[in-house]
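User: I would like a close look at one part of this protein: its aromatic rings. Please keep it brisk, as I am in my first year.

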Amino acid sequence: MADYKYIVDALSSTAALTAIVTVLWSWFKNSQMPLKIERLVVHNKASESTYIIVIKNSKTYPVNIKSTSCYTKVSYKVEKKNNQKPEYMDTLSLSDNLFLNNDDFEIGANGHTDIRIIGSHLNPDITKLLFTIQTSHGYHQIWCDSIITVDMIGKTASFGMEKMYNFDSKFKAKRKYYWLKFITLFRRLVRR
């Protein structure tokens with residue numbers, strides 16, 4: 001009987017640990033925001049820009065977007081009024097706003113969608129933007145640092161195709177890709 005005591009203790013400890021980890025994981029997943037901005041593609045024109053926001057819904061229910069706005073930065077204020085405690089606050093300024101949009105969009109359960117919005121011209125030096133999104137499930141502030149900027153000011157670039165290969169196997173395609181990448185890097189180093 002004493003031999004089984006250690007086995008029973010190990011199994012009960014494992015079951016308790018599994019239950020705790022399951023509850024913590026469930027709590028963590030439910031506390032996450034339902035929306036994530038995967039990338040932002042900006043078509044810059046002379047006077048305005050088109051913002052293509054690729055949004056992912058990570059929840060198993062649809063989310064409705066009621067309004068979307070984009071800011072280049074957050075300002076921080078500290079105020080102290082007479083005979084009051086000091087106050088600290090994050091503020092968003094309209095001078096840092098790129099666009100405000102009140103169109104409704106619905107993102108399906110576990111779905112992706114892209115939203116196209118016309119706004120102000122984006123400075124190419126900006127590396128991340130803050131999106132404030134009012135949804136059917138609350139207010140979200142989401143930072144996006146995956147920004148792809150495309151200038152649409154009449155410049156045309158032509159590229160010739162040096163090589164192209166078609167494969168039926170992903171392994172063979174990856175092997176060829178890394179080989180060509182190695183050769184290109186080697187040629188650049190030799191030219192120096």
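Where does the charged end of K128 sit?

Analyst: This is a predicted model. In it, the charged end of K128 sits over the ring of W143. The distance to the ring centre is 4.6 Å. K176 gives another case: its charged end sits over the ring of Y165, 4.5 Å from the centre.

Now to rings that meet rings. Searching the whole structure turns up eight aromatic pairs. One of them joins W25 and F28. Their ring centres are 5.7 Å apart, and their planes meet at 40°. Planes under 30 degrees apart would count as stacked, and planes over 60 as edge-to-face. The angle of 40° falls in neither range, so the W25 and F28 pair is tilted.

Look at where these two residues lie. Both belong to helix α1, which covers residues 2-31. W25 and F28 are three residues apart there, so about one helical turn separates them. W25 has 54% relative accessibility. The cut-off for exposed is over 50%, so W25 counts as exposed. F28 has 37% and counts as partly exposed.

Compare the rings of Y177 and Y178. Their centres lie 5.0 Å apart, with the planes at 65°. That angle is over 60, so this pair is edge-to-face. Y177 is partly exposed, at 43% relative accessible area.

Rings can also gather in a group. Y51, F99 and F131 make up one aromatic cluster.

Key. Residues are numbered from 1 along each chain as its sequence is written. This is a predicted model: local features need pLDDT of at least 70, side-chain atom pairs count only at pLDDT 80 or more; totals for chains, interfaces and linings use all residues. Side-chain values use heavy atoms; hydrogens and water are left out. Rings of Phe, Tyr and Trp (its six-membered ring) pair if their centres lie within 6.5 Å; planes under 30 degrees apart count as stacked, over 60 as edge-to-face and the rest as tilted. Helices (H or I, at least four residues) and strands (E, at least two) are DSSP runs, numbered from the N terminus. Buried means under 20% relative accessible area, exposed over 50%, partly exposed in between (1.4 Å probe, protein chains only). A charge sits over a ring if NZ of Lys or CZ of Arg is within 6 Å of the ring centre and within 35 degrees of the ring normal.
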